[in-house]
Structure formats: structure tokens, C-alpha cells
Amino acid sequence: MIRSFAMQRSGRKEVKQPVGHIPISFAPEDKERMTNDFMLQLAKEYMEEMGIGLANLIETKS
């Protein structure tokens, strides 16, 4: 995965930080509706709104 990020960055010198960590937290009472698909859609929408757009995404749930 690290090689993939490095390779993608090599072609885009304007990218200053190719890797970031963005935690998205949810209220405990919303646990039942937080399916994997729902959380992935929220993460994609968040990234798009932040101007990140298409990017490699790793979603984890704890």
C-alpha cells in the first residue's frame, strides 16, 4: 500500500501530504444504522465535500 501511495504521489508534485488520517465518529445511539455500506457512503461524501475526491480509502470500524 505504501508503494502505491508513493507511486501515485510521484506524478503529482502539488500533493504535499499523500496520506492523512480523518476520524469520523458517530453517536452511540446511532449504532444500529451504522452498517458498513452506510458508513462507507458517509466517508465518501465527506471526502468529496472536503475536496479530496477520488482517493484510496481505508475504512475501519471499532
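Colleague: Why does Tyr46 count as partly exposed?

Modeller: Tyr46 has a relative accessibility of 34%. Buried means under 20% relative accessible area, exposed means over 50%, and partly exposed is anything in between (1.4 Å probe, protein chains only). So 34% puts Tyr46 in the middle class. Bear in mind that this is a predicted model: local features need pLDDT of at least 70 and side-chain atom pairs count only at pLDDT 80 or more, while totals for chains, interfaces and linings use all residues. Residues are numbered from 1 along each chain as its sequence is written, and side-chain values use heavy atoms, with hydrogens and water left out.

Colleague: What makes Tyr46 part of a nonpolar patch?

Modeller: Patch members need over 30% relative accessible area and no salt bridge; nonpolar side chains (Val, Leu, Ile, Met, Phe, Trp, Tyr) are joined within 5 Å, like charges within 9 Å. At 34%, Tyr46 clears the area cut-off. The patch also takes in Ile22, Ile24, Phe26, Met50 and Ile52, and together they offer about 510 Å² of accessible area (Shrake-Rupley method, 1.4 Å probe; for residues, only the protein chains shown count as cover). For the chain, the accessible surface comes to about 5900 Å², with 54% of that on carbon and sulfur atoms.

Colleague: Where does Tyr46 sit, and what makes that stretch a helix?

Modeller: Tyr46 belongs to helix α2, residues 36-49. Helices are DSSP runs of H or I with at least four residues, strands are E runs of at least two, and both are numbered from the N terminus. The chain ends up with two helices and zero strands.

Colleague: How do you know that the length of α2 agrees with its residue count?

Modeller: The expected span is 1.5 Å times one less than the number of residues. For the 14 residues of α2 that gives 20 Å, and the end C-alpha atoms are 20 Å apart, so the two agree.

Colleague: Which residues of α2 are buried, and why say they line one face?

Modeller: They are Met39, Ala43 and Met47. Down the axis of α2 they fall within an arc of 70 degrees (taken from the directions from the helix axis to the C-beta atoms), so they line one face. An α-helix has 3.6 residues a turn, so residues three or four places apart point the same way. On the other side of α2, Asp37, Glu48 and Glu49 are exposed.

Colleague: Why is Met47 called buried?

Modeller: Its relative accessible area is 11%, which falls below the cut-off for buried. Of the chain's 62 residues, 8% count as buried.

Colleague: What makes Asp30 and Arg33 a salt bridge?

Modeller: A side-chain nitrogen of Lys or Arg has to be within 4 Å of a carboxyl oxygen of Asp or Glu. The closest N and O atoms of Asp30 and Arg33 are 3.8 Å apart, so the pair qualifies. A search of the whole structure finds one salt bridge.

Colleague: Why do Ile2 and Val19 count as exposed?

Modeller: Ile2, in helix α1 (residues 2-10), has 72% relative accessibility, so it counts as exposed. Val19, in the loop between α1 and α2, is exposed too, at 53%. Their C-alpha atoms are 9.3 Å apart, with the two positions 17 residues apart in sequence numbering.
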